[in-house]
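Dear colleague,

I am passing on a structure that will be new to you, and my notes on it follow below.

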Amino acid sequence: MADYHIVPFCPEPVRILHPDKHFLFVNKPAGLLSIPGRHEENKDCVVTRLQNHPKSKTASIVHRLDMATSGVMILAQTKCAHREISKQFELRQTDKYYIAVVDGIVEKDSGVIDLPMIADWPNRPKQKIDFEQGKKAITEWEVMDRNYDKQTTRLKLKPITGRSHQLRLHCFELGHPILGCHLYHKNGSETKAKRLLLHAASLTITHPKTGKTITVESPCPF
């Protein structure tokens, strides 16, 4: 959706969480694109902001977070690091989890959503579940907290695969859409928060040079 509309300016800065000469862990604020959008006025994004930073002029994108999602991202500083870290994402060797607040009370304490996904072309940028042509999409989830007064549930979400909108669509299919999501919603869930309540809280990679495991976390802002 961000590619086709002018995105309002995001005043929050991109914060560097863990600098390294090979890569950067950063915290992306909600409302900021990961990469430039197609519209000429949608050039402000994580990459362009970092390439104007004296310590990150060579930063290049390895993976993306949706514009509405906040949290930890990693960018490569060298071509070698870009190749090696991209391979870790491709081979599912990274470890990551998200925090979301969803509508309603989730009764079970944990579970796995295994529903294949495909682009919903007539309704782009939406995705849909398709058991015949969809690509495998798996999300593990567990309840962190239930708020009976507000009738909401805080979930820890671990995407095993990395499909576009996977967590949003899977939560919707679970019957508990993420609050503030204007793409996958029901019963007014999109109006129950001022932003999408989805945050990338933790990301673990293997250092492309030393082989050491590195985990960086970003405190949840909601």
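**Helix α3, the core and the cavity**

Gly175 comes directly after α3 and has a positive phi, near 95°; helices (H or I, at least four residues) and strands (E, at least two) are DSSP runs, numbered from the N terminus. Please bear in mind that this is a predicted model, in which local features need pLDDT of at least 70, side-chain atom pairs count only at pLDDT 80 or more, and totals for chains, interfaces and linings use all residues. Residues are numbered from 1 along each chain as its sequence is written, and side-chain values use heavy atoms, with hydrogens and water left out.

Within α3 (residues 166–174), the buried residues (under 20% relative accessible area, 1.4 Å probe, protein chains only) include Leu167 and Cys171. Both Leu167 and Cys171 are touched by Leu157 (heavy atoms within 4.5 Å), as are Lys96, Tyr97 and Tyr98, among others.

Leu157 and Phe25 have the most contacts inside the largest nonpolar core, which has 54 residues; such a core is a set of buried Ala, Val, Leu, Ile, Met, Phe, Trp, Tyr and Cys residues joined through side-chain atoms within 4.5 Å. Strand β4 (residues 70–76) gives the most to this core, namely five residues.

The largest cavity (points on a 1 Å grid over the protein atoms alone where a 1.4 Å probe fits but cannot get out, lining residues having an atom within 4 Å of a point) is lined by residues including Val72, Lys96, Tyr97 and Tyr98. At least two lining residues come from each of β5 (95–103) and β11 (198–206).

With regards

Note on methods: On a 1 Å grid over the protein atoms alone, a cavity is a set of points where a 1.4 Å probe fits but cannot get out, and a pocket is an open set with protein on both sides within 12 Å along at least five of seven lines; lining residues have an atom within 4 Å of a point. Buried means under 20% relative accessible area, exposed over 50%, partly exposed in between (1.4 Å probe, protein chains only). Lists of a residue's contacts leave out its neighbours within four places in sequence.
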